[in-house]
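Please examine the model shown here. A student's questions about its architecture are then answered in turn.

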Amino acid sequence: MSNITAENIKLLREKTGAGMMDCKKALIENDGDISKATSWLRKKGIAKAEKKSSRVAAQGLVGLKTCNDFSLLIEINSETDFVSKNTDFQTFVDDVLNIGIKKKYSMDSLLKAQTSDNEIVADALQNLIAKIGENIVIRRLSYLDSDSKNTVFGSYIHNKINNNIGRMACVVKMHSNDSSNKDVIDLANKIAMHITASKPLALDESSLDKNFINKEREIYTSQLIASGKPENIIDKIVDGKIKKYLSEVTLINQNWVLDPSVSIAQVLKDFNDKNKDNVSIVDFNLLILGEGIELEEKSFSEEVASQINNTT
């Protein structure tokens with residue numbers, strides 16, 4: 001046991017990518033011999049986790065949870081969609097959500113947080129990778145703060161696995177004179193659903209980067225010049241195109257998915273007039289599974305084969 005030191009555990013962990021408790025057990029089983037402990041871990045399939053960590057993970061699940069002080073969105077990725085249906089993976093996502101909602105974490109501090117099984121999240125992740133046989137990554141976590149007693153959070157999860165996890169998740173932050181009003185909460189949840197369906201880039205025009213709008217203006221102008229439109233009418237046409245574009249990408253100007261004849265701004269006005277309230281949308285957060293990840297396309301048969309012949 002004299003060779004079972006913290007330094008040797010650390011060395012074995014760095015060498016194999018296995019969890020701390022697995023490394024400790026491997027050293028105990030092999031009288032502290034790092035080489036033998038490495039072989040022992042490989043035979044158990046635990047040391048494969050490090051090799052798998054280089055593979056692209058774009059499937060998986062997103063999760064959402066809310067408390068009085070903030071809402072949490074998190075994305076945990078796997079290599080294939082099969083894993084999202086695995087109960088061990090789903091349990092891990094739920095566990096990370098339950099940890100993350102206790103207080104606000106950075107990604108680094110979350111990985112060092114303690115799980116209910118008295119291991120750190122990073123070790124639990126490595127052990128899950130070894131057990132399932134795929135690379136798994138905690139890719140994103142995002143918090144939306146409550147800033148007053150008037151804050152109302154609305155939420156929506158698409159393709160639900162349970163009440164907290166699915167393939168897309170949205171939380172919207174609103175203010176109301178009566179944050180306990182069930183009608184306000186219902187409206188907030190419906191707006192979260194609208195955001196998930198319509199995917200606005202920003203709340204309103206002022207929330208969009210001006211350089212982004214200027215770039216769109218330049219594109220429209222170049223297209224019109226190339227088409228031979230007279231110079232004296234180009235600016236007016238571009239203004240109309242920008243207005244239409246903003247109505248498509250800013251939440252407040254989008255057509256309401258439940259009634260496309262009215263905008264979100266009109267929905268809020270009608271609600272406030274009817275309920276003598278002052279409901280407003282302050283912010284929102286939308287997580288779409290795998291968004292922004294470049295992935296080499298695989299056929300379904302290749303995906304099945306990779307599951308059956310998973311030896312790397």
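The following exchange concerns helices, strands and the way they pack.

Reader: What kind of model is this, and how are residues numbered?

Author: This is a predicted model, in which local features need pLDDT of at least 70 and side-chain atom pairs count only at pLDDT 80 or more, while totals for chains, interfaces and linings use all residues. Side-chain values use heavy atoms, with hydrogens and water left out, and residues are numbered along each chain as its sequence is written, from 1.

Reader: How many helices and strands does the protein have?

Author: Helices (H or I, at least four residues) and strands (E, at least two) are DSSP runs, numbered from the N terminus. By that rule the protein has nine strands and 12 helices.

Reader: What percentage of the 312 residues is buried?

Author: A residue is buried under 20% relative accessible area, exposed over 50% and partly exposed in between, with a 1.4 Å probe and protein chains only. Among the 312 residues of the protein, the buried share is 43%.

Reader: Is strand β2 mostly covered or uncovered?

Author: Strand β2 spans residues 70-78, and nine of its nine residues are buried. F70, L72, I74, I76 and S78 point one way, whereas S71, L73, E75 and N77 point the other way, and all are buried. Strand β2 is therefore, with "buried" as defined by accessible area, mostly covered.

Reader: Which strands stand at the edges of the sheet that contains β2?

Author: Two strands pair if DSSP finds at least two bridges between them. This open sheet of four strands has antiparallel pairing and the order β3-β2-β1-β5. Each edge strand has a single partner strand, so one side of it is left without a neighbour in the sheet; the edges are β3 and β5 (165-166).

Reader: Which residue of β3 is the bridge partner of F70?

Author: Strand β3 (residues 136-145) and β2 pair in the antiparallel sense over nine bridges. Within this pairing, L72 stands opposite Y143. For F70, the bridge partner in β3 is D145.

Reader: How many residues form the hairpin connection between β1 and β2?

Author: Strand β1 (residues 59-66) runs antiparallel to β2, and eight bridges join them. One of the bridge pairs is G60 with N77 of β2. The number of residues through which the hairpin joins the two strands is three.

Reader: Which strands does helix α8 lie across?

Author: An open sheet of three strands, with antiparallel pairing, has the order β4-β6-β9. On average, its neighbouring strands are turned by 15° against each other, direction ignored. Angles run from 0 to 180 degrees between N-to-C directions, and axes are lines fitted to C-alpha atoms, for helices over the stretch in contact. Helix α8 (residues 182-198) runs at about 45° to β4 and lies across β4, β6 and β9.

Reader: Which residue of β6 stands opposite T151?

Author: Strand β6 (residues 168-175) runs antiparallel to β4, and the two are joined by eight bridges. Opposite T151, the residue in β6 is H175.

Reader: Are α1 and α2 roughly parallel or roughly perpendicular?

Author: Helix α1 (residues 6-16) and helix α2 (residues 20-29) have axes 9 Å apart and pack at an angle of about 115°. Angles under 35 degrees count as roughly parallel, over 145 as roughly antiparallel, 65 to 115 as roughly perpendicular and the rest as oblique. The angle therefore makes α1, relative to α2, roughly perpendicular.

Reader: Which residues of α2 make the contact with α1?

Author: Contact means heavy atoms within 4.5 Å. From α1, the contact is made by N8, I9, L12, R13 and T16, and from α2 by M20, C23, K24, A26 and L27.
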